[in-house]
Structure formats: C-alpha cells, structure tokens
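Please look at the structure below with the sequence alongside. The paragraphs after it go through a few places in turn.

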Amino acid sequence: MSIRTHNRLAIATATATALTCGLLSLTAAGTATAAAPVKYVQYADDYNGDGFRDYVVSQTPGFLVTYGVSGGPGTKKTRIDQNSPGIPGSVGEEPEQFGQSLASADFNQDGYGDLAVGDSSETVGGRANQGAVTIVWGSKSGLGSKATRLPLKDPKEGQGFGLSLAAGDFNGDKKPDLAVGDRDSVHVYRGGFSSKTGSTGAVTRHRPGADGGDRTVPVHLVAGNVTKDKTTDLYALGLSFTGQKSSNVAWFLKGGSKVASGKVVTYTGPEHNYGPRGVIADFDKNGYGDLAINDGGYNRGEGAVVVLRGGASGPSTSYRVTQNTAGVATTATSGDGFGTTVSAGDTDRDGYPDLAASAPGEKVSGKKYAGGVHILRGGEKGLTGAGSKWFTRDTAGVPGKASAWGSFGQFTRLRDIDSDRDADLVVSGTDSTSLLLPGGKNGIGTKGARDIAVTAMWPQ
C-alpha cells in the first residue's frame, strides 16, 4: 500500500471513524433568551462537570469517552452506540457511521458539556442515507442515556446530513450554536437547545455562491474567530465540482446576526485531499484567525500545510509550509505525508499559537513509514520553520522504538493536558498507545514523556 493511499485511509478513518425522530424530537422554535445555566461549565468537553476536560473519539459505529482527571485522561471509560439505552436509532444498518463526526458544547446551558454526534448513513423514514445528528446530553455522571435528535426540514434520501459538525457562537448571542454539513450545504442551528422541551433556535441553510462551482461537498467544518468581531466564523473544507473537474476548497461563512456565505478558496492542485482537516488559530497574533489546512497529498505525497490568513471579511492571502521550508527538520520525499494531521496550541507560553504537523510516512532509522511530528512555531510572520522541533519514537527521551508502518503521527493533538497553561502534544500511530510530550516555557520536550491510553483524535 502506498503511503498516499495509507494516509487517505487514515484520514478517512478519522473522518468516518475523525440530531429526525428520537427519544425527544427537537423542533425549530424562536430564539427567546434561555434560562441562566445552573453553573458555569469551563470546558465544552467536560461532560460530567468535574472541572476536567474529557476525551471522546470516534469508534464507528459509536464513540468512546475517556473521562479526564488532574494530569490528563483517567481510567473511567464509556463506549456509546445506538444499542446503548436511550440513544435513537439502531445498529444493523450498512454502512454504520454513527459517531463519524463529533462536536462538543454546553448546548442546553446546564453546566455540563454535551456531545453532538453525526451519522450521514442513517436511514430515517425509509430514506436511505438521509443522515441524522443526535445530541447526547451531559450530566453529573457524564454522557449517558439521555439523547435527542435534531429536526431536519425537507429531508431527502442520500442527503448525508451529519457528514460534518462544528459548534460555536455564530450569531454572538452568547449561546452555543451548531453547524451541520450534508453533501451540498451547511445548516446552522441557533441556541438555545432544550433537552426538556425539544426546541432549538432558528435554523438556516447555506450554500456557496457561483465561485463554489456546480456543487461543493463540505467534508469537514472548522469553527473559530477569523474576522476580529464577537462572533464565531466557519470554514467548510471539501471538494468543489464543476462539470467533470473537482478541486479542494475552503468555503468561508461569516458569523453575525445572519450567517453569510463568503469566498470559496481553492487551496491545492490536482492531488486531492479526500480527508481535509484544519484548525483556526491566530498564528501571527494580529487579531485575525488563520486557517491551517492539512495537504498530505501535495506534490506526490510529500505533503504540505496551507495557511489562509484571516482578515476583516474572511480569508485573505495564503502561504504554504513544507519540509523544504527553511528551518524545518527532515527533507521532503514522496510519501512523507507532511501535514497529514494538524493541531494548534501555544506550546511555550509566548502568546503565539504553534502548530503540530505530522508526517506519518517519514522513514525513521531506515524504517519505512515509521513517522514523526513537527512543531512549527507561530510568530509575527505567522508559521515558519524557525525554531521548529521534530519528534519520533526514536527521539532521545521518548519511550518505545520507531517501527516500520508504525505511522507515528497518524493522529495528533495539542491540548493543555496538565493544566499548566501551555499546550502538550499527544501523538498516535497504528499501535494501541499514544505518546504524551509535555509543553513548557521552552516548548514541547521529552521530560515527563509517557504513553497514555487515549487516541489523539478528539474534536479540536
């Protein structure tokens, strides 16, 4: 298997492994002010309200929750699928995609994080592959048996509702909203959501303008502040089709009292990225959020990271970082897959977000496709190779050994695991454990490196 095919399968797995009728049926309602939350939830993914972030990963059909404790993931785990008590739908349909997309927020503002779960393959009302999205509600005991499906106006067979998800305050009213992608559009559900009455805020549906070609498929949604206002903006990453031709695009939707469809940017050449993923962060700290997109298939699989700079109206100029960029460790070769997965966070407390960019196809110590991860530093000029770092399983101080086809970096996340104000690095390959590398004033290092039992593919 070529690494390019291997990487596509890996990202497809992250996408398909990365709310219609149900226990309570949600119906569209007005946007009346929600009651004050019982308590403030610090983290959108703190599902049991204990003050620690939790970890949820796709295991289609279903998902696995690992509850956090002081210092990182704990030992309490729960797997939920459509055979679990209170979860709408049932296991047995083909293909099984429940859990293919996930997004966290305290949707009903009760002080517990909730989880939106997408399944673009769900058959509803006899309509095959209509798709569905379910909100699994958080509680003192975490995610469990209380769940609600989102309504869908004018559903169609083959719609693929729930293909992608992202949460954010898209209209600036301080209530979490939910964006849902299907095979040609994005639906925005305004808060507040209610687990008691089955209501949501207003729902709008969006499609790109003429620059989106005949059809744009929003494979992955990325939420963040791009335009320096008080609302969350949105990018839909995917494929745009014009006749028989297709291209990889980033479609911008600007947050506001009315979400507005904006520019569609083609960001790569003919080497299609079938599992596009991205993250929004202000890498140059100018107040505008930048979008970093994985492009692991670039230039015969050498790979790249594409950055769309943010501006007052959305995407502005762009640049590309590769392993040939000055200062980046290792040399670009076919099949490296640099940028296969990307994740952002401030690893060294300098106020600039940094970027983890994996290269799971990199040869290490003569072992093919052993893989590694680069840390690219943010700064006044954005992401550059200056001061970058490179980690593999053979890096001094890292437990374990590099292995052929280990694909270290298949999944990568930056997150403040130990609550010390800097982002730590978690990296997964094809084995059953993940590596945790702590951050600090000097950035990611190997002191305190250890293996943990959670895959680095929770929602960013």
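What follows covers a strand and its partners, a buried acid and some aromatic pairs.

The coordinates come from a predicted model, and local features are drawn from residues with pLDDT of at least 70.

Begin with strand β20, residues 304-311. Seven of its eight residues are buried, so β20 is largely enclosed by the rest of the structure. One neighbour is strand β19, residues 290-295, which runs antiparallel to β20 and is joined to it by five bridges. The other partner to consider is strand β21, residues 314-321, again antiparallel to β20, with six bridges between them. The connection from β20 to β21 is a hairpin of two residues. Leu-308 gives a convenient point from which to read across these strands: Leu-308 in β20 is the bridge partner of Leu-291, and in β21 the bridge partner of Leu-308 is Ser-318. As a rule, side chains in a regular strand alternate between the two faces of the sheet.

Next, go to Asp-119, which is placed in strand β6, residues 114-119. Asp-119 is buried, yet it has no salt bridge. Which side chain of opposite charge is nearest to Asp-119? That side chain belongs to Arg-149, 6.0 Å away. Because a salt bridge requires a side-chain nitrogen of Lys or Arg within 4 Å of a carboxyl oxygen of Asp or Glu, this pair does not count as one. The side chain of Asp-119 does make a polar contact, at 2.7 Å, with the side chain of Ser-121. Leaving aside residues up to four places away in sequence, Asp-119 touches Gln-82, Gln-97, Phe-98, Gln-100, Gly-131, Ala-132, Phe-161 and Gly-162.

The last topic is aromatic rings. Six aromatic pairs are found when the whole structure is searched. One of them consists of Tyr-235 and Phe-252, a tilted pair with 5.2 Å from centre to centre and 55° between the planes. Tyr-235 belongs to strand β15 (residues 233-242) and Phe-252 to strand β16 (residues 245-254), so the pair ties together parts that are 17 residues apart in sequence. Tyr-235 counts as buried because its relative accessibility is 0%, and Phe-252 counts as buried at 1%.

Tyr-369 and Trp-405 form another tilted pair, 4.0 Å centre to centre with 50° between the planes. This pair links distant parts of the chain, 36 residues apart. Tyr-369 sits in the loop between β23 (354-359) and β24 (372-376), and Trp-405 in the loop between β25 (389-391) and β26 (411-415). With a relative accessible area of 36%, Trp-405 is partly exposed.

How values were computed:
Residues are numbered from 1 along each chain as its sequence is written. This is a predicted model: local features need pLDDT of at least 70, side-chain atom pairs count only at pLDDT 80 or more; totals for chains, interfaces and linings use all residues. Side-chain values use heavy atoms; hydrogens and water are left out. Buried means under 20% relative accessible area, exposed over 50%, partly exposed in between (1.4 Å probe, protein chains only). Helices (H or I, at least four residues) and strands (E, at least two) are DSSP runs, numbered from the N terminus. Two strands pair if DSSP finds at least two bridges between them. Lys and Arg count as positive and Asp and Glu as negative; His and the chain ends are not counted. A polar contact is a pair of N or O atoms within 3.5 Å; within protein, one must be able to donate a hydrogen and the other to accept it, and residues adjacent in sequence count only if both atoms are side-chain atoms. Contact means heavy atoms within 4.5 Å. Rings of Phe, Tyr and Trp (its six-membered ring) pair if their centres lie within 6.5 Å; planes under 30 degrees apart count as stacked, over 60 as edge-to-face and the rest as tilted.
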